[in-house]
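Ready for a walk through a protein chain? Open your viewer and keep the selection tool at hand.

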Amino acid sequence: MPRLVDLAGYRRFWAASTTSIFGTHITGLAVQILAVVTLHATATELGLLNAARWIPYLLFGLLAGVVVDRYRCKPMLVGADLGRAVLLCAIPALHVMGLLDLPTLALLVAVLGVASLFFDAADQAFLPRLVPTGLLTSANARLEQSDAVAQTAGPVLATALIKVLGAPLAVLVDAATYLISGLLLASIQVQEPIAPRAARRSLLAELREGMSWVYRHRMLAPMALSGHLWFLSHSLLTIVYVLYVLRAPATGGLGLSEIGLGVAYGCAGVGAVLGGTFANRCAQRFGAGRTMVTTRILMPLPWLLVPLTSPGRAALVVLAAGQALFWVLMGVEGPNELAYRQSVTPHRLQGRMNTTIRSVNRGAIVLGAPLGGLIADAATARRCGSASPGSPSRPRRSPPHRSATPSTRSRSPAQPDPP
């Protein structure tokens, strides 16, 4: 069995992934600060903007799986990276011209989601071409550790860039990372056999085959269904969490600054790195199945610290500890789940298996993120209404043409991206 460091293709694949994920975390914060501070988005509008990123997964996810299984993954990965670089350059360009508003930003985010959909589908199907089955857990763990490091340093770097350059220009950094990632992927030497045209069936038949493989499989089916529920709950929870953390105590929040939120998410990244270190050891000692079941049972417990937290100096410590513990569990569970899915699925079904699960997961985010925004807005309106009867339930929004710089009261929901 070769070592991961001996696999030149994997080394470049890992470097490309690490480079682009840093930029993604910068954009995740910059786009949402741009929406809230400059374009004056409400919590509901913010939830809809978050949902726009994942709508393509719901609409085109199954189709992307068929495309990936029919054609080579490498050209798709390179094309998606270069396309995302161009799309991100459009955000600051439109802002400078005064043409950027919330519907336009949501449209750009949705188109970016289409490119990301095809990239993600090809990405997970491409890895088993580069790595032997016995190294898949370790390979996925290294990738998720890179993601965790980006979660740790990304929010801090994003905050600094946004303060210096402003949110629109900070997006250009992500465009540069996608360009570098595309060039690295283009340099990978790999043989990718594709299915002959004569062996292809109708689109509907291939879609049905992919869904049947997932939802009739003895282990993949319960794994997929529990994952769908996880994504629905997590997307709802993170919207409410961010607004609760950043809003002032007078409006029912904890009153932490953007930097405080970044520190909490930075601890999440540290936890994910630590969890990824033990992912392979846990699989070898307890088995992948027991590891996944145990970590999923324990995942809700760190979130219980949030409602037990009160405004004050200790709030940041408690929130940071909760995020660290949650992402330790995620760091252990994620690589084992991905490796199991990839190892039990034939190469000809890798794309459809991944996109079937991932598209429904992202579809759950489309439902959960706006629902979280509605809950946050409703809770705020109810609190304001009870505190001062007769007063407006929501403060009047500033005119769209006025801009502002991020402050300690702006809502900037940068959040770690689950696998």
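## The whole chain

Start with everything shown as a cartoon: the chain has 13 helices and zero strands. Read from the N terminus, the order of elements is α-α-α-α-α-α-α-α-α-α-α-α-α. Please keep in mind that this is a predicted model. Of the 419 residues of the chain, 53% count as buried. Among contacts with a separation of 6 or more, 87% are between residues 24 or more positions apart.

Now colour by pLDDT. The chain mean is 80, and 87% of the residues reach 70 or more. Among the elements, helix 3 (residues 73-96) has the highest mean pLDDT, 91, while helix 13 (residues 350-387) has the lowest, 76. Next, select residues 388-419, where pLDDT stays under 50. The model does have 80 contacts beyond four places in sequence for this stretch. Still, where pLDDT is low, the predicted coordinates should not be read in detail.

## Two helices to look along

Select helix 1, residues 8-38. How far apart are its end C-alpha atoms? They are 44 Å apart, which agrees with the 45 Å that 31 residues should span at 1.5 Å a residue. Add a surface and you will find helix 1 mostly covered, with 22 of its 31 residues buried. Just after helix 1, stop at histidine 40, which takes a positive phi of about 60°.

Move on to helix 3. Its 24 residues should span 34 Å at 1.5 Å a residue, and its end C-alpha atoms are 36 Å apart, which agrees. Just past helix 3, glycine 98 takes a positive phi of about 75°.

While you are in this part of the sequence, show the side chains of arginine 84 and phenylalanine 119. Arginine 84 lies over the face of phenylalanine 119, at 4.4 Å from the ring centre.

## Into the cores

Which residues have the most contacts inside the largest nonpolar core? Select Tyr10, Phe13, Leu127, Val131, Leu185 and Tyr241; the core itself has 61 residues. Centre the view on leucine 127: beyond its neighbours within four places in sequence, it is in contact with Tyr10, Phe13, Leu136, Ala139, Asn140, Leu143 and Gln342. There is also a second, separate core of 32 residues, and Ile26, Ala35, Leu94 and Leu105 are among them.

## The aromatic rings

A search of the whole structure finds six aromatic pairs. For one of them, show tryptophan 303 and phenylalanine 326: this pair is edge-to-face, at 5.6 Å centre to centre with 65° between the planes. Tryptophan 303 belongs to helix 11 (residues 300-303) and phenylalanine 326 to helix 12 (residues 314-344), so the pair ties together parts that are 23 residues apart in sequence. Both tryptophan 303 and phenylalanine 326 are buried.

Keep phenylalanine 326 on screen and add tryptophan 327. These two also form an edge-to-face pair, at 5.6 Å centre to centre and 80° between the planes. Tryptophan 327 is buried, as is phenylalanine 326. To see the wider group, select Trp230, Phe231, Tyr241, Trp303, Phe326 and Trp327, which ring pairs link into a cluster. You have already met Tyr241 among the best-connected residues of the largest nonpolar core.

## Three buried side stops

Are the next three residues buried or exposed? Take them one at a time.

- **Glutamine 145** is found in helix 5 (residues 136-165). It counts as buried because its relative accessibility is 13%. Leaving out residues up to four places away in sequence, glutamine 145 touches Val273, Gly276 and Thr277.
- **Arginine 70** has its place in helix 2 (residues 43-70). Its relative accessible area is 18%, so arginine 70 is buried. Draw a distance from its C-alpha atom to that of glycine 351: the two residues are 281 apart along the chain, yet the separation is 8.9 Å.
- **Glutamate 192** sits in the loop between helix 6 (167-186) and helix 7 (203-215). At 11% relative accessibility, glutamate 192 counts as buried too. Not counting residues up to four places away in sequence, glutamate 192 touches Arg72, Cys73, Lys74, Pro75 and Phe126. From glutamate 192 to phenylalanine 126 the C-alpha distance is 8.9 Å, with their positions 66 residues apart in sequence.

Terms used
Residues are numbered from 1 along each chain as its sequence is written. Side-chain values use heavy atoms; hydrogens and water are left out. Rings of Phe, Tyr and Trp (its six-membered ring) pair if their centres lie within 6.5 Å; planes under 30 degrees apart count as stacked, over 60 as edge-to-face and the rest as tilted. Helices (H or I, at least four residues) and strands (E, at least two) are DSSP runs, numbered from the N terminus. Buried means under 20% relative accessible area, exposed over 50%, partly exposed in between (1.4 Å probe, protein chains only). A charge sits over a ring if NZ of Lys or CZ of Arg is within 6 Å of the ring centre and within 35 degrees of the ring normal. pLDDT is the predictor's confidence in each residue, from 0 to 100. Contact means heavy atoms within 4.5 Å. A nonpolar core is a set of buried Ala, Val, Leu, Ile, Met, Phe, Trp, Tyr and Cys residues joined through side-chain atoms within 4.5 Å. The expected span of a helix is 1.5 Å times one less than its number of residues.
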